Amino acid sequence: MKKYTFPLVLACFCILIARPVPAQRAKKKDYLVTLSTDAGSLRFILFDQAPQHKANFIKLAKDKFYDGLLFHRIIEAFMIQGGDPNSRQAASGVALGSGSPGYRVPAEFHPDLFHRKGAVAAARDNNPEKASSGSQFYIVQGRKWTAEDLEKQVDRAPRKPTEAQKQVYLTEGGTPHLDGGYTVFGQVIDGMSVIDSIAARPRSQTDRPLRDVEMTVSVERMKKKKITKQYGYVFP
C-alpha cells in the first residue's frame, strides 16, 4: 500500500480545513398563529429570538390548551391578556389571572423585540428572574405617544428603546415602559381591529370583561413568501 509522506498529508489537511463551510439555509417556512374570538380573528407570527417561548406556545396551541380559555383582563389603551387555564368555564365574577400549567419559561429579552402595538408578550408574576408564565400572554394595544410623554415612559422602562423604536411608538403606538421587563415573543400581522374591539368592551373592577371573550388558537406551518404575500409581513 502506498504511503503518503507527511508533507502531502499536511497539505491535504490544510486544504480541508481551509474549505469554506456552506452557509446554513434560511428556513423557508414558519408558523402562523390564528387566534379566533367572537370579535373576529387575529393572526401573528412568533419570533426566533425568543426560541423557548416560541416552542412552548406552539406546543400548547397544538395540544389545544388555549381552546376555550378567556381573555380575562382587558385595559383599553394598554393590552388584552389571556391564557389562564382557570378561566375555562369560569363562573361570572370569579377573579382570574393566577393559573398556570405548572411551570415558568425563562426570560428571553432581545433588543430588537419591543412593545409596539400588536406585540405578543408573556405575562409573569413578580419573580426576581422575570421568568414568564408558562401559558399566560398579553397582546399590546397601547397608544400613540407625544415626544414629551414618550420620554416619561422611557424613563420607567428597564431597557431604553432605540431611536427607530421610538419612532414606532410615536407613529404606531405601544407600551414602551414594559420593554426589558417582559418577554416579547410575537407580533400580530393581521386583525389589529380585533384587539381594539376587545379592549373597548365593558369590564369589571378587576378588568375582566363583563361578557366572556373566549379564544381558540391554531398554528399552521406556512411558506414565508405566502405569509408575506397574504399579510404584508416581511421576515428579517
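Helices and strands here are DSSP runs, numbered from the N terminus. With that naming in hand, Ala-91 can be placed in the loop between β4 (79-82) and β5 (104-105). The model you are looking at is predicted, and the tour below goes from the whole chain to its cores, its empty spaces and a few single residues.

## The chain as a whole

The chain has 6 helices and 10 strands. Of its 236 residues, 46% are buried. Contacts between residues 24 or more positions apart make up 71% of those with a separation of 6 or more. The exposed surface comes to about 13100 Å², and 55% of this area is supplied by carbon and sulfur atoms.

How confident is the predictor? The average pLDDT of the chain is 92, and 89% of the residues score at least 70. Residues 1-18 are a stretch to treat with care: their pLDDT is below 50, and beyond near neighbours in sequence the stretch has 1 contact in the model. Where pLDDT is low, the predicted coordinates should not be read in detail.

## Two nonpolar cores

In soluble globular proteins, nonpolar side chains tend to be buried together. Here the largest nonpolar core has 31 residues, and those with the most contacts inside it are Phe-44, Phe-57, Tyr-66, Phe-71, Phe-137 and Ile-139. A second, separate core has 18 residues, among them Leu-32, Ala-119, Ala-121 and Phe-235.

Tyr-66 is a good place to zoom in. Leaving out residues up to four places away in sequence, Tyr-66 touches Phe-57, Leu-60, Ala-61, Gly-83, Arg-88, Ser-135, Phe-137, Met-215 and Val-217.

## Pocket and cavities

Rolling a probe the size of a water molecule over the atoms shows where empty space is left. The largest pocket has a volume of about 440 Å³. Its lining counts 20 residues, and Ile-45, Phe-47, Leu-113, Tyr-233 and Pro-236 lie nearest its centre. Two strands, β2 (40-46) and β9 (184-190), each supply at least two residues of that lining.

The structure also holds 2 cavities of 30 Å³ or more. The largest cavity has a volume of about 70 Å³. Which residues line it? They are His-53, Asn-56, Phe-57, Tyr-66, Val-105, Ala-122, Ser-133, Gly-134, Ser-135, Gln-136, Phe-137 and Phe-185. Helix α2 (residues 51-62) gives the most to this lining, with 3 residues. Phe-57, Tyr-66 and Phe-137 appear in the cavity lining and also among the core residues with the most contacts.

## Single residues, buried and partly exposed

The table sets out relative accessible areas for six residues.

| Residue | Relative accessible area | Class |
|---|---|---|
| His-115 | 0% | buried |
| Ala-122 | 2% | buried |
| His-72 | 4% | buried |
| Ala-77 | 35% | partly exposed |
| Lys-64 | 46% | partly exposed |
| Ala-91 | 47% | partly exposed |

Let us take the buried residues one by one. His-115 sits in the loop between β5 and β6. Apart from residues up to four places away in sequence, its partners are Ala-121, Tyr-138, Val-140, Tyr-169, Gly-173, Gly-174, Thr-175, Leu-178, Asp-179, Tyr-182 and Val-184. At 0% relative accessibility, His-115 counts as buried because the cut-off is under 20%.

Ala-122 belongs to strand β6 (residues 119-122) and is one of the residues lining the largest cavity. Setting aside neighbours within four places in sequence, Ala-122 is in contact with His-53, Ser-132, Gln-136, Phe-137, Tyr-138, Tyr-182, Thr-183 and Phe-185. Its C-alpha atom is separated by 8.9 Å from that of Ile-139, 17 residues apart along the chain.

His-72 lies in strand β3 (residues 71-75). Its contacts, again without neighbours within four places in sequence, are Gln-81, Gly-82, Gly-83, Asp-84, Leu-96, Gly-97, Gln-136, Asp-207, Arg-208 and Pro-209.

Now to the partly exposed residues. Lys-64, in the loop between α2 and β3, has a phi near 65 degrees, a positive value in a residue other than glycine. Ala-77, in the loop between β3 and β4, is not a glycine either, yet its phi is positive at about 70 degrees.

Finally, back to Ala-91, where we began. Its 47% relative accessibility makes Ala-91 partly exposed. How far apart are the C-alpha atoms of Ala-91 and Asp-212? They are separated by 9.9 Å, with the two residues 121 apart along the chain.

How values were computed
Residues numbered from 1 in each chain as written. Predicted model: local features only at pLDDT ≥ 70, side-chain atom pairs only at ≥ 80, totals over all residues. Heavy atoms only, no water. Core = buried A, V, L, I, M, F, W, Y, C linked by side-chain atoms within 4.5 Å. Buried < 20%, exposed > 50% of the residue type's maximum accessible area, 1.4 Å probe, protein only. Contact = heavy atoms within 4.5 Å. Helix = DSSP H or I, 4+ residues; strand = E, 2+ residues; numbered from the N terminus. Areas by Shrake-Rupley, 256 points an atom, 1.4 Å probe, with all protein chains shown as cover. pLDDT = per-residue confidence, 0-100. 1 Å grid on protein atoms, 1.4 Å probe; cavity = no way out; pocket = protein on both sides within 12 Å on 5 of 7 lines; lining within 4 Å. Points joined across faces, edges and corners; volume = space filled by probe spheres on them.
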